[in-house]
Amino acid sequence: MTTAALEPRAGRRCHNPLNTLHSTLFFSPDLATEMGALGITDPRAVNFATRAAAMGRVGAGTVTAAFYNYRYELVARHVPAVWDIAGPDAVLAARARAVDATLRRLLGADALASPELAEAAALALRATEACGRPGRPLYAAHADLPVPEEAHLALFHAATLLREHRGDGHLAALTAAGLDGLEAVVTHTATGRGMTPKWVLNTRGWRQDDWDAASGRLRGRGLLDGEGELTEAGAALRAGVEAETDRLDRAPYEHLGADGVARLTELGTVFARAAAAAGAFPGDLLGKR
């Protein structure tokens, strides 16, 4: 067993490539194909159903609370009506088929059959052993799903658990910082590491006047300047949110140990970069403008 101390941001660095690998699904044409075969064709309905299906036939309020940064009116346009088109079990099965097709297309057969991918899956699953259900609804729902047998599907499953575990904790940190869903997105975009305003408005249901109003509230708190950039106080608030998220998400990575975290970070980065290089994401997804 390793005795090396886990660095404060080691969990975050490990999570990032695993989250990237998980996120390939939401931009995959294979997901649209599988969900379209069920009769779910609107991209927003696809998104809500795909991510929420593990929670069962939940309503718009539950999805809005769990997803945090979507406008309720957009969610209510599709949920719970989407479950009348295809139930959660059918959606989960379609999602699994889409994950399989997506990873095969992006990574290739050799990578999927490699000992490195099997090693990454085993490490990621080991980390999930220390995740906790209380206060983490999206994680808890996915934790009740069976672990797939094939290594690439097991890796995706573990990446999903680690993503949702961290994400649920992140929402607690955002709430404690007094940032509502849209304010959280605006400040994240201002860091240069979040989605561009165009992608936020197109996918989250907000209008430009909503964005402007949120920016105004943040300026009133001294968190944004007149150009939409983070002030010193705003940057400190965002850094505090990330540090608190790290703290709340430390258990799985402490359980894995420093050596295991370093190896999973290395392997995850290789696979995430390969997926990105294969065109997994649109080129204009991230940025301030």
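This is a short group-meeting talk on the aromatic rings, the cysteines and a couple of single residues in this structure.

Hi everyone, thanks for coming. Please keep in mind that we are looking at a predicted model.

Let me begin with the aromatics. The structure holds five aromatic pairs. One of them is Phe-48 with Phe-67, a tilted pair with ring centres 6.2 Å from each other and 45° between the planes. This pair brings together distant parts of the chain: Phe-48 sits in helix 3, residues 43–52, and Phe-67 in helix 4, residues 60–67, with their positions 19 residues apart. Both phenylalanines, Phe-48 and Phe-67, are buried.

Phe-48 also pairs with Tyr-70. Why does that pair count as edge-to-face? The planes of Phe-48 and Tyr-70 meet at 70°, with 5.3 Å between the ring centres, and planes over 60 degrees apart are called edge-to-face, so that is the label here. Again distant parts of the chain are linked, since Tyr-70 belongs to the loop between helix 4 and helix 5 and is 22 residues from Phe-48. Tyr-70 is buried, as is Phe-48.

Back to Phe-67 for a moment. Arg-51 lies over the face of its ring, 4.6 Å from the ring centre. Elsewhere, Phe-27, Trp-199 and Phe-281 make up one aromatic cluster.

Now, the cysteines. How many disulfides are there? The count is zero. For Cys-14, the closest cysteine sulfur is that of Cys-131, and at 11 Å it is too far for a bond, because a disulfide needs the two sulfurs within 2.5 Å. Cys-131, likewise, is in no disulfide. Are these two cysteines buried or exposed? Cys-14 is buried, at 0% relative accessible area, and Cys-131 also counts as buried, at 12%.

Next, an aspartate worth finding on your screen. Asp-210 is part of helix 14, which covers residues 208–220. With a relative accessible area of 15%, Asp-210 is buried. What does its side chain reach? The side chain of Asp-210 comes to 2.8 Å from the backbone nitrogen of Arg-207. Leaving aside residues up to four places away in sequence, Asp-210 touches Arg-71 and Leu-182.

Last stop, Ala-251. You will find Ala-251 in helix 16, residues 251–256. Its relative accessible area is 36%, so Ala-251 is partly exposed. Ala-251 and Leu-38 are 213 residues apart along the chain, and their C-alpha atoms are separated by 38 Å.

That's my tour, and I'm happy to take questions.

Terms used
Residues numbered from 1 in each chain as written. Predicted model: local features only at pLDDT ≥ 70, side-chain atom pairs only at ≥ 80, totals over all residues. Heavy atoms only, no water. Buried < 20%, exposed > 50% of the residue type's maximum accessible area, 1.4 Å probe, protein only. Helix = DSSP H or I, 4+ residues; strand = E, 2+ residues; numbered from the N terminus. Polar contact = N/O pair within 3.5 Å; in protein donor to acceptor, adjacent residues only side chain to side chain. Contact = heavy atoms within 4.5 Å. Phe/Tyr/Trp six-rings, centres within 6.5 Å; stacked < 30°, edge-to-face > 60°. Lys NZ or Arg CZ within 6 Å of the ring centre and 35° of its normal.
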